[in-house]
Amino acid sequence: MNRDIVCIGAGYIGGPTMAVIAKMNPDRKVMVVDINAERIAAWNSDDYNLPIYEPGLVDVVREVRGKNLFFSTDIQRAVQECDIVFVGVNTPTKMFGKGSGRASDLQYWEATARSIKEYAKGDKIVVEKSTLPVRTAAAMEAILNAGNDSRVEHVERVEKEGARFTVLSNPEFLAEGTAIKDLLDPDRVLIGGPQTEVGEQAMQAVVDIYAAWVPKEKILTTNVWSAELTKLAANAFLAQRVSSINAIAGLCEATGADVDEVARVIGADRRIGPKFLKAGPGFGGSCFKKDVLNLVYLCETFGLHTAAEYWMGVIRMNEHQQERIVSRLFSAMFNTLANKKIALFGFAFKADTGDTRETPAGTVARLLAEEHVRITITDPKALDNAKRDLSDLTDVVYEVDEYNAAVGADAIVLMTDWKHYPSLDWQRIYDSMRKPALVFDTRNCLNAQDLRRIGFKVLNVGK
Ligand code: NAD
Ligand code: UGA
């Protein structure tokens, strides 16, 4: 068995993860393969115009690409050459048939399993990097080890050809915008595997990859099912914290309490801690909603209906938060939004990423479009994705420059906490807007007092 690694799936997870593994393991070859030729071409582009934006990523790719990190569409060759196969393909929410709107759509994952089976010669350690429903490894193993031949013939073939697949789970905990930092200095690395001799050896092979830079005590091993479930549970806990503070935010608005003050004091309790207590427009991103829905589906499947309802509440609260933004705008703008111009500042689901998957700004834009608002969107990294996401909406203007976006607007709704927004020239912005001019800062990141002094009417979340 060789030490070389391939990752199938060159997306937000496969690209950065493998770039860091290659950087920290200079003696291993690391390949990243994908069926999407355009994406692979971007990873290989001469000017490093990579398919995703992530702070620090381009430096790592510059350092290792062509040395021990290679991007390719040749999945067959990569699977044959590398004995450790990570699977980092997308696992979106299924939108058809059984489990529609809840369960994970495993078609990409299953296609990958079948490719590995078709191309592999000799033993492979197959590592689930994608987030998957608990017990997926069993299905992966069933596909990999099934032949068109009978079970007995299959065992004989495996013995003769020496091909054996061991499936591990190594979910990824990085967050977008801080992916490189999270990968270089993770809180923990989780590796789940079968508790057999072969399983232990396979887990050790994957532990060795991370041990090149992660302290041993941070590399945690569990059984496969615990690892798969831990990933869903970890995201559900984080999403639940965001929904919890947003539920408190509504009460703050109604009572005169200030959600940032409440969060500061709650978070000072070391049992609770200060992180993930920022009220805002609700969580976005490709994973929280999908993973919580998947947890709901699993609970329902196992007859745990009260647990399913509990987790569904986290999603409902999140949707309510975006609806509340629009209804508060509505009341503040004299109960009519038709033909008014509203500029959305920020479209990415959080700062430091161009990713717009499940972004709260998308939901808000659609709710505003229903009210016949003239929408202008500005974002430093996410405008191309915004155009694609909202391509069915007419009457949306996309503007790189924030000052141009604000001209003639009745309101600005700050949706993403881009770091430079507080230091914009807000007096200049105010002067160019129609009066009364409103700012709805859904991230509570601007200085509201200064804005009021300029003349803005200001709305915040939880204040
Ligand atoms: P993504 O859509 O950016 O990338 C997935 C890639 O897989 C795509 O480029 C797609 O072309 C490729 N692919 C699909 N089917 C394929 C096949 N049969 N063969 C080869 N390539 C194939 O998705 P992502 O954001 O990287 O997420 C991937 C997984 O990682 C998901 O399960 C997600 O839940 C998990 N995850 C993501 C993050 C994150 O920050 N984005 C963090 C932790 C976990
Ligand atoms: C999240 C998790 O943090 C990662 O550990 C996990 O690996 C990843 O999902 C995944 O599985 O994909 P990510 O979605 O990239 O990472 O970003 P987060 O920083 O978690 O933010 C998620 C959303 O919650 C954003 O929209 C953010 O603005 C919002 N948020 C976060 C708040 O509204 N308040 C907070 O206090 C924190």
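Trainee: How many strands does the open sheet have, and in what order do they stand?

Mentor: Strands of a sheet pair through backbone hydrogen bonds, in either a parallel or an antiparallel sense. In this predicted model, the open sheet has 6 strands in the order β11-β10-β9-β12-β13-β14, with parallel pairing. Strands (E, at least two residues) and helices (H or I, at least four residues) are DSSP runs numbered from the N terminus, and two strands pair if DSSP finds at least two bridges between them. β11 (396–398) and β14 (457–460) stand at the edges with a single partner strand each, so one side of each lacks a neighbour in the sheet. From one strand to the next the twist averages 20°; axes are lines fitted to C-alpha atoms, for helices over the stretch in contact, and angles run from 0 to 180 degrees between N-to-C directions.

Trainee: What conventions should I keep in mind while reading the model?

Mentor: Residues are numbered from 1 along each chain as its sequence is written, while chains are lettered from A and ligands numbered from 1 in the order in which they are written. Because the model is predicted, local features need pLDDT of at least 70 and side-chain atom pairs count only at pLDDT 80 or more, whereas totals for chains, interfaces and linings use all residues; side-chain values use heavy atoms, leaving out hydrogens and water.

Trainee: Which strands pair with β9, and over how many bridges?

Mentor: β9 (residues 341–345) pairs in the parallel sense with β12 (residues 411–414) over 4 bridges, and 5 bridges join β9 to β10, also in parallel. Alanine 343 shows both pairings: isoleucine 412 in β12 stands opposite it, as does threonine 376 in β10.

Trainee: Are the faces of β9 covered or uncovered?

Mentor: In a regular strand, side chains alternate between the two faces of the sheet. Here both faces are covered, with Lys341, Ala343 and Phe345 buried on one side and Ile342 and Leu344 buried on the other. Buried means under 20% relative accessible area, exposed over 50%, and partly exposed in between (1.4 Å probe, protein chains only).

Trainee: Which helices pack against this region?

Mentor: An α-helix has 3.6 residues a turn, so residues three or four places apart point the same way. Helix α13 (residues 305–332) lies across β9, β12, β13 (438–441) and β14, running at about 160° to β13. In helix α14 (residues 360–370), the buried residues are Pro360, Ala361, Gly362, Val364, Ala365 and Leu368. They pack against α13, β9 and β10 (374–378), where contact means heavy atoms within 4.5 Å. Histidine 372, with a positive phi near 65°, follows α14.

Trainee: Which residues have the most contacts inside the largest nonpolar core?

Mentor: A nonpolar core is a set of buried Ala, Val, Leu, Ile, Met, Phe, Trp, Tyr and Cys residues joined through side-chain atoms within 4.5 Å. The largest has 43 residues, and Met18, Leu69, Phe86, Ile191 and Tyr210 have the most contacts inside it. Helix α9 (residues 197–211) gives the most to this core, with 7 residues. Apart from it lies another core of 35 residues, among them Ala263, Leu337, Ala411 and Met415.

Trainee: Which residues surround the ligands most closely?

Mentor: A residue is near a molecule if one of its heavy atoms lies within 4 Å of it. Ligand 1 is surrounded by 27 residues, the closest being Ile13, Asp34, Arg39, Thr91 and Lys290. A polar contact is a pair of N or O atoms within 3.5 Å; within protein, one must be able to donate a hydrogen and the other to accept it, and residues adjacent in sequence count only if both atoms are side-chain atoms. Polar side-chain atoms lie 2.7 Å from an oxygen atom of ligand 1 for arginine 39, and 2.6 Å from an oxygen atom of ligand 1 for threonine 91. For glutamate 176, a polar side-chain atom lies 2.9 Å from a nitrogen atom of ligand 1.

Of the 19 residues around ligand 2, the nearest are Phe173, Leu174, Glu176, Cys287 and Arg443. A polar backbone atom of phenylalanine 173 is 2.7 Å from an oxygen atom of ligand 2, and a polar side-chain atom of arginine 443 lies 2.7 Å from an oxygen atom of that ligand.

Trainee: Is methionine 95 buried or exposed?

Mentor: Methionine 95, in the loop between β4 (84–87) and α5 (107–119), counts as exposed because its relative accessibility is 62%.
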